[in-house]
2 protein chains.
Amino acid sequence: MRYSLRQLEVFLATARYENVTRAAEELAMSQSAASGSLKELERQFDMKLFDRQGKRLQLSELGQQLRPQIESLMEQARSLEHALTGEDGAGRLEIGATLTIGNYIAVNMIADFRQQNTKSDIILRVANTATIAKQVAGFELDMGLIEGELQHPDLDIVHWRRDELVVFAAPNHPLATSNALSDQDLLTLPWIVRESGSGTRQAFDRAMQGILTDLQIAMELQHTEGIKRAVEAGLGVGCLSQICLEDAFKRGSLVPLPVPGRDFRREWYIITHRDKFHSAALKRWLTLCLQRWST
Amino acid sequence: MRYSLRQLEVFLATARYENVTRAAEELAMSQSAASGSLKELERQFDMKLFDRQGKRLQLSELGQQLRPQIESLMEQARSLEHALTGEDGAGRLEIGATLTIGNYIAVNMIADFRQQNTKSDIILRVANTATIAKQVAGFELDMGLIEGELQHPDLDIVHWRRDELVVFAAPNHPLATSNALSDQDLLTLPWIVRESGSGTRQAFDRAMQGILTDLQIAMELQHTEGIKRAVEAGLGVGCLSQICLEDAFKRGSLVPLPVPGRDFRREWYIITHRDKFHSAALKRWLTLCLQRWST
DNA sequence: TAACATATATCGAATTTTCCGATAAAGAGG
DNA sequence: CCTCTTTATCGGAAAATTCGATATATGTTA
């Protein structure tokens, strides 16, 4: 072996901060040791992992190319260390989810998972699809549950489940008993929807294509609960994922309005980094996602 | 990191030979260094990787449990070393296949693979299903193409393709023009088949269940080519995988005999070790197996 | 522009790790 | 009982890693 795990550790920390001093701090070593370790790694393989211009340090193209593989290797090494120290497959998982998925499904999934994996910590980070994808690609998250369509050379994107938006209103709304809303109906209604840029709004816009610009958007809110309350109060009709509405429909506080003429389906995906090392805990989590929580 | 890659290297070599002296030889180091390295690894994690009784050394239960993970880690480390030295994804692949698969498909698959991966060496080892499974489980082979049904806690077994045996005879055989052989017909014929224990024979026996003991086995041969020649010579009828016979049927040197009453289908599988690190070359090979060469 | 703050590289010395050769200890086989 | 083989251990040599100090380069601020 021409290199050591320690050298890779230094490389990764430096790659993350693009700063040797902070990397050395994190690894509890002197700056000179870190610098030397890095230099030695580069010397042994006769290559440049970083571009140096003065005191500035930047991952070189080669470094960027190698980083995923090295992250994966180090993660496996850490996992082995846990196995060696006898800490059985605990391992903390950091997962990302969009707002809708995070609030309405992921929390239940995590509760489910923790029942059988009492030792695993799960950290849920809620963000939009693009942010989650970026963090998964940068090994900051172990996996992500996202809404939007996405292409990324470093990511494994697998279909997870189908979701459907539902148009809904207060029970006393004039159209509450209608069994089919036409485009004409849609155009007369005041809409209360999620803000632009959210996955739910994107799906809504797509479903309304053709009449989108003529719709009357009465309110844009950032939280699904706010939208439901506004609709309950009779301020307009809403359009949200079915999973946000199940309870309200059961209670009768809101009612669905059928819109047969438009397609409100959308797909959800699971993303992981292609080169990600799948720890025991991550494997169990992914299995649970795909088996018990997919459609 | 409480351990080094070198220590893992020593552990693996020692685990393979269960002999420190030979392990040290392989790693070009002194026996004392190897012994010390091993001892240090055990001390750091306060555990016994080997059971010692006198001069005898044996992998402990813990050692056996840890070995797959360590094999996987070291393989990834070697793969990274290749990436660092700039040798692009060459990497030698050692694959196992049964006799039928090896001779009639795997060689073509390898030719196909090598066209696009000129730098990869592929080594094909032909053996029976049980042997291949054992070698894949012991990290001696990277993957295997097998026939029989199999259960193994350490192996990933995925369905690959469906095969079908075909009963065949020489063109001038009295039944050559028959369009459906009955069980009565089967019982009157002299059979030339593969030897007991082979996957093909197992499939044959299964297909013939009920009348198996009453069949007239005229000859058992170990090679498919021998069986075909014997059948051509009019010594009896044969039963082999369709892929061994395609050419002969095209040439007209042999003809298939339809046996609608019996099920000659069988399944082929791809096996890998669950903890196996999938190198770039292995990934490409598995993709080729499943995309271009599966049914 | 000068003074300062910040970041990386380099050097020698101290420390730690790794390795070797020699040797002791412990079976296995005649 | 002797010989051969194998593992463990010891002291010292060699190599590596690390640290503190310092040189160098470069932004920043007065």
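Student: What makes the side chain of Lys39(B) and a phosphate oxygen of DNA strand D a polar contact?

Tutor: A polar contact is a pair of N or O atoms within 3.5 Å. In this predicted model, a phosphate oxygen of DNA strand D is 2.9 Å from an N or O atom in the side chain of Lys39(B), so the pair meets the cut-off.

Student: How do you know that Ser35(B) and Arg52(B) also make polar contacts with DNA strand D?

Tutor: A polar side-chain atom of Ser35(B) is 3.2 Å from a phosphate oxygen of DNA strand D. For an N or O atom in the side chain of Arg52(B), the distance to a phosphate oxygen of this strand is 2.5 Å. Both pairs therefore count as polar contacts.

Student: Before we go on, how should I read the names and values?

Tutor: Residues are numbered from 1 along each chain as its sequence is written, while chains are lettered from A and ligands numbered from 1 in the order in which they are written. Local features need pLDDT of at least 70 and side-chain atom pairs 80 or more, whereas totals for chains, interfaces and linings use all residues; side-chain values use heavy atoms, without hydrogens and water.

Student: What makes a residue count as near DNA strand D?

Tutor: One of its heavy atoms must lie within 4 Å of the strand. There are 17 residues around DNA strand D, and Ser30(A), Val20(B), Thr21(B), Arg52(B) and Lys55(B) come nearest. Looking from the DNA side, 62% of the strand D atoms within 4 Å of the protein belong to sugar or phosphate, and the rest to bases.

Student: Which residues come nearest to DNA strand C?

Tutor: Of the 17 residues there, they are Val20(A), Thr21(A), Arg52(A), Lys55(A) and Ser30(B). Sugar or phosphate accounts for 57% of the strand C atoms within 4 Å of the protein, with bases making up the rest.

Student: How do you know which parts of DNA strand C take part in polar contacts?

Tutor: Look at the atom on the DNA side of each pair. A backbone N or O atom of Val20(A) lies 2.8 Å from a phosphate oxygen, and an N or O atom in the side chain of Arg52(A) is 2.5 Å from a phosphate oxygen of strand C. Ser32(B) has a polar side-chain atom 2.9 Å from a base oxygen.

Student: Why is the surface near DNA strand C described by class as polar, charged and nonpolar?

Tutor: Asp, Glu, Lys and Arg count as charged; Ala, Val, Leu, Ile, Met, Phe, Trp, Tyr, Cys and Pro as nonpolar; the others, Gly among them, as polar. Sorted that way, the surface near DNA strand C has eight polar, five charged and four nonpolar residues.

Student: Which helix supplies the largest share of the surface near each strand?

Tutor: Near DNA strand C, helix 3 of chain A gives four residues; near DNA strand D, helix 3 of chain B gives four.

Student: How do you know that chains A and B are related by a two-fold axis?

Tutor: Copies are superposed by least squares on C-alpha atoms of residues with pLDDT of at least 70 in both. A turn of 180° and a shift of 0.1 Å along the axis lay chain B on chain A with an RMSD of 0.2 Å. That is the relation of a two-fold axis.

Student: Why can we say that the copies meet through the same surface?

Tutor: Because 100% of the interface residues of chain B are also interface residues in chain A, where contact means heavy atoms within 4.5 Å.

Key. A polar contact is a pair of N or O atoms within 3.5 Å; within protein, one must be able to donate a hydrogen and the other to accept it, and residues adjacent in sequence count only if both atoms are side-chain atoms. Helices (H or I, at least four residues) and strands (E, at least two) are DSSP runs, numbered from the N terminus.
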